Structure formats: C-alpha cells, structure tokens
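Trainee: Could you take me through the reading of a structure, feature by feature, with the general idea before the particular case?

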Amino acid sequence: MLVRYTGMSLKSQIYLYTFGFILTILGMMLTDMWLPMVVGAIILMGLMVESWIQIIHVVPLHQEVRAMKKQLEKLQQHYQDEKNL
C-alpha cells in the first residue's frame with residue numbers, strides 16, 4: 001500500500017487525489033504526453049483508491065474495534081467485581 005500523508009485529513013486527500021486523477025485523464029486526452037500522464041494516472045489512481053478504502057472501510061473498523069475494547073474492559077471489570085464478592 002502507498003503511504004498516506006498524515007498532514008491532511010482523509011476527506012481532503014480524497015478530494016485532492018480525485019481532482020488530480022481527473023486532471024491527469026483530461027491531460028491524457030488533450031495532449032500527446034502519454035508516458036508521463038499514464039505514470040501519473042496510475043500513481044494517482046492508487047492514492048485515490050487507498051484513500052477511499054481508508055475512509056469507507058478502515059476508519060469504521062478502527063472505531064468498531066475501539067468500541068469492542070471498551071466493552072471487553074467493562075466486562076472484565078464486571079467479572080473481577082463479581083469474583084471479589
């Protein structure tokens with residue numbers, strides 16, 4: 001996976017990479033500079049797909065894991081309290 005720039009929010013990265021990808025595709029259609037444009041399009045497509053995956057799947061997964069850890073700690077505390085009685 002490509003390394004994500006952490007100085008920007010995920011939504012800003014999605015907008016930036018999608019806009020860059022669209023501009024690169026337009027540049028491919030309007031100019032004869034195919035090789036640099038194809039390389040740029042592939043890189044931007046990778047960054048764009050990664051940022052979409054991050055915001056759609058990974059961020060909600062991290063939130064769910066945090067909620068499950070809190071539930072587990074609460075259950076362990078409840079179990080320890082019952083065990084001490």
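Mentor: What follows is a conversation about helices, burial, contacts and distances in this predicted model.

Trainee: Where should I place Ile22 and Ser51 among the helices?

Mentor: Ile22 belongs to helix H1, which covers residues 10-30, whereas Ser51 belongs to helix H2, which covers residues 34-84.

Trainee: What does the record add about these stretches of chain, and how does the model look over them?

Mentor: An unreviewed UniProt entry lists residues 14-31 and 37-61 under "transmembrane region", and such an annotation may be inferred rather than shown by experiment. In the model, residues 14-31 are 94% helix and 0% strand, with the end C-alpha atoms 25 Å apart. Residues 37-61 are 100% helix and 0% strand, and their end C-alpha atoms lie 35 Å apart.

Trainee: Is Ser51 buried or exposed, and which residues does Ser51 touch beyond those up to four places away in sequence?

Mentor: Burial is read from the relative accessible area, with values under 20% called buried. Ser51 is buried because its relative accessibility is 2%. With residues up to four places away in sequence set aside, Ser51 touches Gln13, Ile14 and Tyr17.

Trainee: How should I read Thr24 in the same manner?

Mentor: Thr24 sits in helix H1, and its relative accessible area of 11% is why Thr24 counts as buried. Not counting residues up to four places away in sequence, Thr24 touches Met37, Gly40, Ala41 and Leu44. A C-alpha distance gives a further view: Thr24 and Ile42 are 18 residues apart along the chain, and their C-alpha atoms are separated by 9.7 Å.

Trainee: How far apart are the C-alpha atoms of Glu64 and Glu82, which are also 18 residues apart along the chain?

Mentor: The C-alpha atoms of Glu64 and Glu82 are separated by 27 Å. Glu64 lies in helix H2 and is partly exposed, because its relative accessible area is 49%.

Trainee: Which residues make up the largest nonpolar core?

Mentor: The general idea is that, in soluble globular proteins, nonpolar side chains tend to be buried together. Here the largest nonpolar core has eight residues, namely Tyr17, Phe21, Met28, Met37, Ala41, Leu44, Leu47 and Met48. Helices H1 and H2 each supply at least two residues of this core, and H2 gives the most, with five residues. Among the core residues is Met28, which, leaving aside neighbours within four places in sequence, is in contact with Trp34, Met37, Val38 and Ala41.

Trainee: Which residues form a nonpolar patch on the surface?

Mentor: A patch is read from residues with over 30% relative accessible area. The nonpolar patch on the surface is formed by Phe19, Ile22, Leu23, Ile25, Leu26, Met29 and Leu30, with about 720 Å² of accessible area together. Ile22 is partly exposed, because its relative accessible area is 46%. Met29, found in helix H1, counts as exposed because its relative accessibility is 59%. The C-alpha atoms of Met29 and Leu44 are separated by 16 Å, with the two residues 15 apart along the chain.

Trainee: What can be said about Val49, and how far is Val49 from Ile14 in space?

Mentor: The place of Val49 is in helix H2, and Val49 counts as partly exposed because its relative accessibility is 40%. Val49 and Ile14 are 35 residues apart in sequence, and the C-alpha to C-alpha distance between them is 8.6 Å.

Key. Residues are numbered from 1 along each chain as its sequence is written. This is a predicted model: local features need pLDDT of at least 70, side-chain atom pairs count only at pLDDT 80 or more; totals for chains, interfaces and linings use all residues. Side-chain values use heavy atoms; hydrogens and water are left out. Patches are made of residues with over 30% relative accessible area and no salt bridge: like charges are joined within 9 Å, nonpolar side chains (Val, Leu, Ile, Met, Phe, Trp, Tyr) within 5 Å. Accessible areas come from the Shrake-Rupley method with a 1.4 Å probe; for residues, only the protein chains shown count as cover. A salt bridge is a side-chain nitrogen of Lys or Arg within 4 Å of a carboxyl oxygen of Asp or Glu. Helices (H or I, at least four residues) and strands (E, at least two) are DSSP runs, numbered from the N terminus. Buried means under 20% relative accessible area, exposed over 50%, partly exposed in between (1.4 Å probe, protein chains only). Contact means heavy atoms within 4.5 Å. A nonpolar core is a set of buried Ala, Val, Leu, Ile, Met, Phe, Trp, Tyr and Cys residues joined through side-chain atoms within 4.5 Å.
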